[in-house]
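Colleague: I would like to go through this protein with you one question at a time. Please put the structure up first.

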Amino acid sequence: MIPTQSRWFASPSPPLPTPPPRGLRNMPSLRPKPALFNPIFRLTKSGRLRRTSTGGAVRAMDAAQVFDRESEEPEQRARLKIAIVGFGNFGQFLARTFVAQGHAVIGFSRSDHSAAARSLGAAFFRDPPRPRLRRSTLFVDVLSVKEFPKNLFLQLLPPDFDIVCTHPMFGPESGKHGWSGLPFVYDKVRVGDSEDRADRCRHFLDIFAREGCRMVDMSCTEHDENAAEIQFLTHTVGRLLARLDLKSTPINTKGYETLLELVENTCSDSFDLYNGLFMYNNSSTELLERLELAFNSLRKELFGRLHVNLRKQLFQSPNGGSSPGADEN
């Protein structure tokens, strides 16, 4: 829930602290399932992203696109035009529901997913070096970390671009039978006061609410604190167990089967995903330290009891009492 990077954004200015990606282009994938970075854009008409001569700011420029014809009829205003940057497994997973609800979907990816897009009823473009956006555009990310993209978007995007940071806590496997009851976390980082901008945000979030998702309004900071335990800890334990090279046996217990499934689920994702959960979440470092302390404490307790039992066996007399001098220390 991989590395699919977007080339729609210029590098930030001033540079991000080390070790940051050079803009979003080299940012590792931290998706809930297949892609770390799959921002979703509301595309209608006008506007073009470009690098400025003095830095990496994103500007909107009036320009029409072939897909920018938009009805102004009231019943059509809830129909969004959504561009998914990173049209791999997870992007297609989202697009399937977007299209089913009647929204227009445009997929972008460096790999050729045109056939998959056609099968879903979506348009597809492989290399959009000069994408055009209207002046008021809604940016939505679906990263597994939230503080990092939030700060990056606030730094790069003009104030008339709205920002909503989200994390669908499910993916193609866990959501293959529907999204009902599955948590969808969101933070309205910046949404304009005008009615049309508020409505656009509401219509986008309603996509997930209509599918039965459990909508969780949570700040990016709180999300990352929780995600460190929910995701990073899970992946860490799974990868630790994988280093033990565990094998299935004829006498597997249910608990052991669960551990084998954990190894399979976590190690099926790329190490870039796991590394991103660590690198881009400040809470992950603290969690690693707590995990190490907990392991050392448990180990100390085990060896402490072993020492006590060994002393009893060494110094116990044949009649069941203690040997002379056994308690002198």
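Modeller: Start with strand β5, and keep in mind that this is a predicted model. Both faces of β5, residues 138-141, are covered.

Colleague: Which residues of β5 are buried on each side?
Modeller: The strand has two sides, and both are covered. On one side the buried residues are Leu-138 and Val-140, and on the other they are Phe-139 and Asp-141.

Colleague: Which residue of β6 is the bridge partner of Val-140?
Modeller: Strand β5 is joined by 4 bridges to strand β6, residues 162-168, and the two run parallel. Within β6, the bridge partner of Val-140 is Val-164.

Colleague: How many residues of strand β2 are buried?
Modeller: Strand β2 covers residues 81-85. Lys-81, Ala-83 and Val-85 point one way, Ile-82 and Ile-84 point the other way, and all are buried. The strand is therefore largely enclosed by the rest of the structure, and the count of buried residues is 5 of 5.

Colleague: Which residue in β3 stands opposite Lys-81?
Modeller: Strands β2 and β3 run parallel and are joined by 5 bridges. β3 spans residues 104-108. The residue of β3 opposite Lys-81 is Ala-104.

Colleague: What share of the residues in the protein is buried?
Modeller: The protein has 8 helices and 8 strands. Of its 329 residues, the buried ones make up 45%.

Colleague: What share of the exposed area do carbon and sulfur atoms supply?
Modeller: The protein exposes about 17,800 Å². Of that area, carbon and sulfur atoms supply 51%.

Colleague: Now the salt bridges. How far apart are the closest N and O atoms of Asp-162 and Arg-197?
Modeller: Asp-162 forms a salt bridge with Arg-197. The pair links distant parts of the chain, since Asp-162 is in strand β6 and Arg-197 is in helix α4, residues 195-210, with their positions 35 residues apart in the count. The closest N and O atoms are 2.4 Å apart.

Colleague: Is Arg-197 buried or exposed?
Modeller: The cut-off for buried is under 20% relative accessible area. Its partner Asp-162 has 0% and is buried. Because the relative accessibility of Arg-197 is 15%, it counts as buried.

Colleague: Which residues are linked with Asp-162 in a network of salt bridges?
Modeller: The protein has 9 salt bridges in the count. Some of them form a network that holds Asp-162. The residues linked with Asp-162 there are Arg-197 and Arg-200.

Colleague: Which residue meets Lys-247 in a salt bridge?
Modeller: Lys-247 has 52% relative accessibility and counts as exposed. The residue on the other end is partly exposed, at 48%. The side chains meet at 3.2 Å, N to O, and the partner of Lys-247 is Asp-245.

Colleague: Which helix gives the most to the negative patch?
Modeller: Glu-222, Glu-225, Glu-286, Glu-289 and Glu-292 gather in a patch of negative charge on the surface. Helices α5 (220-243) and α8 (282-315) each supply at least two residues. Glu-222, for example, lies in α5. With 3 residues, the helix that gives the most is α8.

Colleague: Is Leu-310 exposed or partly exposed?
Modeller: Leu-310 lies in helix α8. A nonpolar surface patch of about 730 Å² includes Leu-310, along with Leu-298, Leu-302, Phe-303, Leu-306, Leu-314 and Phe-315. Exposed requires over 50% relative accessible area. Because Leu-310 has 42%, it is partly exposed.

Colleague: How far apart in space are Arg-135 and Pro-159, C-alpha to C-alpha?
Modeller: Arg-135 sits in the loop between β4 (123-125) and β5, and it is partly exposed at 42%. In sequence, Arg-135 and Pro-159 are 24 residues apart. In space, C-alpha to C-alpha, the separation is 9.8 Å.

Colleague: What distance separates the C-alpha atoms of Arg-214 and Gly-181?
Modeller: Arg-214 is in strand β8, residues 214-217. At 48% relative accessibility, Arg-214 counts as partly exposed. Arg-214 and Gly-181 are 33 residues apart along the chain, and their C-alpha atoms are separated by 5.3 Å.

Technical notes. Residues numbered from 1 in each chain as written. Predicted model: local features only at pLDDT ≥ 70, side-chain atom pairs only at ≥ 80, totals over all residues. Heavy atoms only, no water. Buried < 20%, exposed > 50% of the residue type's maximum accessible area, 1.4 Å probe, protein only. Areas by Shrake-Rupley, 256 points an atom, 1.4 Å probe, with all protein chains shown as cover. Patch = residues over 30% accessible without salt bridge, like charges linked within 9 Å, V, L, I, M, F, W, Y side chains within 5 Å. Salt bridge = Lys/Arg side-chain N within 4 Å of Asp/Glu carboxyl O. Lys, Arg positive; Asp, Glu negative; His and termini not counted. Charge placed at Lys NZ, Arg CZ, Asp CG, Glu CD. Pairing = 2+ DSSP bridges.
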